[in-house]
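Please open the model in your viewer, with the sequence panel beside it, and follow the stops below in order. Each stop gives a selection to make and then describes what is found there.

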Amino acid sequence: MKEGAASQTVRIPVSGMKCVVCAGAVEEGLEALPGVNEASVNLGNDTVTVRHDGSVPVEEMEKAIRAAGFDTAWTRLRLTVEGMECASCVQGLESSLLSKEGMRSASANLATGTLVAEFDGGLLDRERIESMVRAAGLSVAESEAEDHHALEMREQRRLIAIAAALGLPVFVLSMLFGMTDVTLGLEAWMRNLLLFALTTPVQLYCGRQFYVGTLAALRARRANMDTLIAMGTTSAYVYSSAVTFLPWYFPDAHVYFESSAMIILLILVGKYLEMFARHGTTEAIRRLMDLQPRSATVLRDGKEALVSVDELEIGDLVVVRPGGQVPADGLVVEGSSAVDESMVTGESMPAVKVQGDEVIGGTMNQNGTVTVRVTRLGKDTVLSQIVRMVEDAQASKAPIQRIADNVSAYFVPVVIVVALFTFAFWYLFGHGAYGAEEARFAFALTVFITVLVISCPCALGLATPTAIMVGTGKGAEYGILIRNGSSLERAGKLRLMAFDKTGTLTEGRPEVTDVIAYGEDDVLGISASGESRSEHPIAAAVLARHREERGEPLPPEDFSAEPGRGLRFSLGGRGFVLGTISMMRGREGEARAAEDMARLASLGRTPIALADDKTVLGVIAVADPVKEGAAEAIADLKEMGVETVMVTGDRREAAEAIAAELGISRVMAEVLPGDKAEAVKALAAEGTTAMVGDGINDAPALAAADVGIAMGSGTDVAIETADIVLIRDDVRDVAASMRLSRRTLSKIYQNLFFAFIYNVTCIPLAAGVLYPSAGILLPPMAAAAAMALSNVSVVSNALLLKRYVPETKRSA
């Protein structure tokens, strides 16, 4: 990676990548371009994300990809457009389309009335582009799309059909000719010629992609999976062809056409299954993109009009009826309703929306008509930001992937050396020493082919990205947005979890918890009158309680505040003081009030006393209530072995009371806002540490932690200092994010373990290690089947994450 911050990012779909070696070739070629800071391949969805300084045209990036031996995989769409009348129409349409993320090119032809667009099928689709055309005041008559993924799947099915139609007869005939007396009335050379005729199209046509991939890898001075398959099948095919056409050099030799034909067939089937499974890893992104509304009912000049969402402007008023989709982020200005936000926030219960409340574009209105003023559009909407965060996370690499990258860089050359060594051993020594019945050369060649074909670098390359794609997509379903693979890996290894108190563990809105009267019946009413002129948080709590029970309090006649102590005021000609115990000095009942205030303070509450000129009249206590589910979240984290710490500016007595109520093991109290980051750094020295805060006031502390978690972001999901963003204001989501991170990391470990164990076990087996003692020799076709299934197994194991529901979500 080059130094310097990237100012622009582009995602390019790439075809032909099969393993980490392929990914490395693409990344290396792109990073060699001046102006490119970083290139990161995601084998899970066959894309490369390029961060550059803005000086590198996409065309240059495409050239670098092709030079590495691969090609781009843009989806192509051709539309017949009606309404284009002049050059400005063409220019306006092209400019509008090219401004959209994921659009490669857009070319409108005024003479033919057509539009040809190339785009990333993972970010845009035909309906979205047609909506953009209509937003430009034009109409679509007909369209013809070329979905690259669908085309590739269709091509693979066609090749499988051809390979099966020719390869299966080769296999059956080879078994009949070799294991029975069946000859079909043909001499040996004619039988071999028949097998050659059936196998050649499979080898050279159906297997062409392996030769193309091999040549591309060789040009890049690399070797990949294609190299192994091409070498293995070509060895069998060339040897068998030589036996067929030069029988006098190979008397009584056996042909192995069935090996080359069936290996190619099995590899093609395995690749198809892998493509099908990998398509499932992008389901979360597709589902989020499908939420993006297409149209809106807008109020203009007092009349309703149905328009494309792309025609909306900031400040527009849109009408959303029951069963309709909120077209864009905005504020409710009229009406009320329950809105289903589960697809964005993960909250299963509908949220009640009234005038002044924010609504999120893409959510579903349930039972009332509301008018919404649009506040955000396009890439600024919550949904677009969520999609972008998930895409960035899925395009990123976890540090653990470096293990696979490093191994894969040497894997194929080592396998080729092992295969050559194995061939030499069995040809020169092993065949005679261990009494193999097959001809010396044929036996050694079979082992050589099996070693090449069974080796699988692809499983290593797919182990990490597929799990990250499914894990981050699953998180998005529950309103848990993980920024990248590194964040996910660190979160999966957490040992300490630091929480800010106010607004994170507590509601952040103080409430009156106790009203103790010493003979005065209206302690709350008198106190509320005095507090009505104060702006202190305690005043807000006292006034809220009074308004809830009795309405507005009487205004005080005189008022003065003493910072840090309390206030003085009069009501009905009678003087009062309200504040700390120091303001009660010399008054009757001071000792009793001091005792009650100390008791309340020990419970984590903030007490104030009310007195007139002679007597203490009562005590009121205020506390910031603990959030629902906070204790459950702390207990869940403890169960995972994560130590919890509270970092707060509150006095120690109050902080420890809240910590005891929640079950938090450590408290760092009276920490000034500017010192929180240093406190988190001190904790990080003890082990991998996360900091949970609101993402704004706690930004420095979040940045200082190994994992910064911004909770309750709501519509503000673009919090740069956070590694994990939780849309809902629910502490239980912190525990859920840890569970999900650990489960995803576990899948990565499982996949890597399987990929390593598969190769470490199967390569020696293919080399004939069991032949001397047990007479077991793996046939090449079995090796091909095992290799194909290894890729599918890794992807399928990652897809099991889609079934996972975090424990804290199961009762929701």
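Select D522, which is partly exposed in this predicted model, its relative accessible area being 27%. Add R550, which forms a salt bridge with D522 in which the closest N and O atoms are 2.3 Å apart. R550 lies in the loop between α19 (537-549) and β21 (558-562), whereas D522 lies in the loop between β20 (511-517) and α18 (523-531), so the salt bridge ties together parts that are 28 residues apart in sequence. R550 counts as partly exposed as well, at 45% relative accessibility.

Next, select E632, R728, D730, R732 and D733 together, and display their side chains: salt bridges that share partners join these residues into one network. For the wider setting, the structure holds 40 salt bridges, and two further pairs are worth a stop.

For one of these pairs, select R376 and D329, whose side chains meet in a salt bridge at 3.2 Å, N to O. The pair links distant parts of the chain, with R376 in strand β17 (residues 370-376) and D329 in strand β12 (residues 329-334), 47 residues apart. Is D329 buried or exposed? D329 counts as buried, because its relative accessibility is 0% and the cut-off for burial is under 20%. R376, at 23% relative accessibility, counts as partly exposed.

For the other pair, select E118 and R76, where the side chains meet in a salt bridge of 3.8 Å, N to O. Here too the pair links distant parts of the chain, since E118 sits in strand β7 (residues 114-119) and R76 in strand β5, 42 residues apart. E118 counts as partly exposed at 22% relative accessibility, and R76 also counts as partly exposed, at 36%.

From R76, move to A73, which is found in the loop between β4 (71-72) and β5 (75-82). A73 is buried, with a relative accessible area of 10%. If you then draw a C-alpha to C-alpha distance from A73 to A594, the viewer should span 76 Å in space between two residues that are 521 residues apart in sequence.

A second distance to draw runs from E358 to L268, which are 51 Å apart in space, C-alpha to C-alpha, and 90 residues apart in sequence. E358 has its place in strand β15 (residues 358-359) and is partly exposed, with a relative accessible area of 38%.

Now turn to the surface and select W189, M190, L193, F245, L246, W248 and Y249, which make a nonpolar surface patch of about 760 Å². Which helix gives the most to the nonpolar patch? That helix is α6 (residues 188-206), with 3 residues. L193 has its place in α6 and is partly exposed, with a relative accessible area of 33%; this residue can belong to the patch because patches are made of residues with over 30% relative accessible area and no salt bridge.

Keep α6 on display and add helix α8 (residues 225-245), so that the packing of the two helices can be inspected. Two packed helices are described by the angle between their axes and the distance between the axes. For α6 and α8, the angle is about 150 degrees and the axes are 10 Å apart. That makes α6 roughly antiparallel to α8, the cut-off for this description being an angle over 145 degrees. The crossing in which α6 passes α8 is left-handed.

Two loop residues with unusual backbone selections come next, beginning with D301, whose phi is near 60 degrees, a positive value in a residue other than glycine. D301 is found in the loop between β9 (295-300) and β10 (303-308), and at 80% relative accessibility D301 counts as exposed. Then select E670, where phi is near 55 degrees, again a positive value in a residue other than glycine. E670 is found in the loop between β27 (666-668) and α23 (676-684) and is exposed, with a relative accessible area of 53%.

Finally, zoom out to the whole protein, which has 27 helices and 30 strands. The C-alpha atoms fill a box of roughly 125 × 75 × 50 Å, taken along the principal axes. Of the 812 residues in the protein, buried residues make up 53%.

Conventions:
Residues are numbered from 1 along each chain as its sequence is written. This is a predicted model: local features need pLDDT of at least 70, side-chain atom pairs count only at pLDDT 80 or more; totals for chains, interfaces and linings use all residues. Side-chain values use heavy atoms; hydrogens and water are left out. Patches are made of residues with over 30% relative accessible area and no salt bridge: like charges are joined within 9 Å, nonpolar side chains (Val, Leu, Ile, Met, Phe, Trp, Tyr) within 5 Å. Accessible areas come from the Shrake-Rupley method with a 1.4 Å probe; for residues, only the protein chains shown count as cover. A salt bridge is a side-chain nitrogen of Lys or Arg within 4 Å of a carboxyl oxygen of Asp or Glu. Helices (H or I, at least four residues) and strands (E, at least two) are DSSP runs, numbered from the N terminus. Buried means under 20% relative accessible area, exposed over 50%, partly exposed in between (1.4 Å probe, protein chains only). Axes are lines fitted to C-alpha atoms, for helices over the stretch in contact, and angles run from 0 to 180 degrees between N-to-C directions. Angles under 35 degrees count as roughly parallel, over 145 as roughly antiparallel, 65 to 115 as roughly perpendicular and the rest as oblique. A crossing is left-handed if the near helix is turned anticlockwise from the far one by less than a right angle, and right-handed if clockwise.
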